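Work through the exercises below with the sequence and the coordinates open. Each task is followed by a solution in steps.

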Amino acid sequence: MNKTAVIEKIIGSPMLPKKDKAKAFAPSNIALCKYWGKRDPVLNLPMTGSLSVSLNPKGSETQINIQDAKEDTIIVDGEKIKNDTTFGKNLIHYLDLFRAPTSPRLTITTCNNIPVAAGFASSASGFGALTKALNQLYDWQLPQKQLSILARLGSGSACRSLWNGFVEWHQGSDPLGMDSHGEPLKTTWPQLCIGIVTISSQKKPYSSREAMAQTLETSTLYQAWPKQVEQDLKAIKKAIHEKNFLELGRHSEQNANAMHATLMASWPSISYHLPQTIEIIQKIWAIRKKGLDVYYTQDAGPNIKLLFLEKDKKTVAENFSCSDIIQPFSTNY
Ligand code: PMV
């Protein structure tokens, strides 16, 4: 399937901008039950469902300005990105999906308050914010679920970055992916805390796209993954509903480790762990044995995100040098 068919269904033909500038913010998100593996790599359709929590106020703010120039200009965190890099090409390909050939070129300026490409899902918030800004620029007036489908075409997990709070990404079964989008959960959990332990902000050695493809092709453990997700998704939703933190922590941690196990079992083997990642994980396990209810999750990068409740904030901060502690449901930002 190709992206043009999806665009046609959602916005009709490519068009000219209705405004000369637009600006939007989208939060970053971390998956508690991971998306790992594509059933359609062009449309970023997942093999399974997944569930995340948004990291508001961490995320991306994207501004679009139309410009009188032959080429688009991309600026990320104050730095001009060359249009012929992988990042530049992907972004321009995405912009081209929506615009008529005679449409003016654009300046895209994105500011992230979270490290780019280090497993902090900045591509999710980046494409989330860009899609929201495009919705204003072209005056599509699309509902969030349609925007979620468009954001998914840029980066899979971006379809969960359209909302704050817990968001489930439905796997869907439609070949065009019209039923594969995010949906927010109603439950809020003000006491839930996420501690970001930054081990490295370096660009990750393998993109999630490459790593997913290699896992699907070569990892025998991948066969067990859909079953793992089915169990974890169910358990995590139940834990959220019942505010059962121990169950939430356990299934989130187990799900992350199962994902990394499929990666490790691929050939050539892939690991996002650095020595300090393992050190932190062992520290979490040791401290949990002593009675502190702290769990973790890890995305496609070496950094660890601690999961704990507000009552343990002080102890967690004393024991781990978290670069940030986020309370996704707090209203104090
Ligand atoms: O959306 P992508 O291509 O950046 O992949 C995201 C993959 C994970 O972050 C590891 C898992 C997830 O569900 O976000």
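For sorting residues by type, Ala, Val, Leu, Ile, Met, Phe, Trp, Tyr, Cys and Pro count as nonpolar, Asp, Glu, Lys and Arg as charged, and the others, Gly among them, as polar. The model is predicted: local features need pLDDT of at least 70, side-chain atom pairs count only at pLDDT 80 or more, and totals for chains, interfaces and linings use all residues. Residues are numbered from 1 along each chain as its sequence is written, and side-chain values use heavy atoms, with hydrogens and water left out.

**Exercise 1. The ligand shell**

Task: Describe the residues around the ligand and find the polar side-chain atoms that lie by its oxygen atoms.

Solution.
Step 1. Collect the residues near the ligand, where near means that a heavy atom of the residue lies within 4 Å of it. There are 14 residues around the ligand, and Ala31, Tyr35, Ser157, Arg160 and Ser208 come nearest.
Step 2. Sort them by type. The shell holds six nonpolar, five polar and three charged residues.
Step 3. Look for polar contacts, which are pairs of N or O atoms within 3.5 Å; within protein, one must be able to donate a hydrogen and the other to accept it, and residues adjacent in sequence count only if both atoms are side-chain atoms. A side-chain N or O atom of Ser157 is 2.6 Å from a ligand oxygen. For Arg160, the distance from a side-chain N or O atom to a ligand oxygen is 2.7 Å. Ser155 places a polar side-chain atom 3.3 Å from an oxygen atom of the ligand.
Step 4. Work out the cover. On its own the ligand has 380 Å² of accessible area (Shrake-Rupley method, 1.4 Å probe; for residues, only the protein chains shown count as cover). The protein covers 92% of that area.

**Exercise 2. The nonpolar cores**

Task: Locate the largest nonpolar core and say which elements contribute to it.

Solution.
Step 1. Fix the terms. A nonpolar core is a set of buried Ala, Val, Leu, Ile, Met, Phe, Trp, Tyr and Cys residues joined through side-chain atoms within 4.5 Å. Buried means under 20% relative accessible area, exposed over 50%, and partly exposed in between (1.4 Å probe, protein chains only). In soluble globular proteins, nonpolar side chains tend to be buried together.
Step 2. Find the members. The largest core has 40 residues, of which Tyr94, Phe98, Leu130, Leu134, Trp140 and Leu150 touch the most other members.
Step 3. Assign elements, taking helices (H or I, at least four residues) and strands (E, at least two) as DSSP runs numbered from the N terminus. Two or more residues of this core come from each of α1 (3-11), β1 (21-33), β5 (73-76), α2 (86-98), β7 (105-112), α3 (122-137) and α4 (144-154).
Step 4. Check for another core. One of 38 residues lies apart from the largest, and its members include Ile30, Ile194, Trp225 and Ile240.
Step 5. Examine α2. Its buried residues include Gly88, Leu91, Tyr94 and Phe98. Among the elements that cover the buried residues of α2 are α1, β5, β6 (79-81), β7, α3 and α4.
Step 6. Examine Trp140, with contact meaning heavy atoms within 4.5 Å. Beyond neighbours within four places in sequence, Trp140 contacts Ile11, Met15, Phe98, Thr131, Leu134, Asn135, Leu147 and Leu150.

**Exercise 3. Two threonines**

Task: Give the setting of Thr215 and of Thr73.

Solution.
Step 1. Thr215 belongs to helix α5 (residues 208-218). With a relative accessible area of 0%, Thr215 is buried.
Step 2. Setting aside residues up to four places away in sequence, Thr215 touches Trp36, Tyr222, Thr262, Leu263 and Ser266. The side chains of Thr215 and Trp36 also form a polar contact of 3.3 Å.
Step 3. Thr73 sits in strand β5. Its relative accessible area is 16%, so Thr73 counts as buried.
Step 4. With neighbours within four places left out, the contacts of Thr73 are Gln67, Lys80, Leu106, Thr107 and Ile108.

**Exercise 4. Backbone features**

Task: Which peptide bonds are cis at Pro57 and Pro268, and where do Asn44 and Lys243 lie?

Solution.
Step 1. The bond joining Asn56 and Pro57 is cis, with omega about 15°. Pro57 is part of strand β4 (residues 50-67).
Step 2. The bond joining Trp267 and Pro268 is cis, with omega about -5°. Pro268 lies in the loop between α7 and α8 (275-289).
Step 3. Asn44, a residue other than glycine, has a positive phi near 55°. Asn44 lies in the loop between β2 (38-40) and β3 (45-46), and is buried at 1% relative accessibility.
Step 4. Lys243 has a positive phi near 50°. Lys243 lies in the loop between α6 (225-242) and α7, and its relative accessibility of 39% makes it partly exposed.
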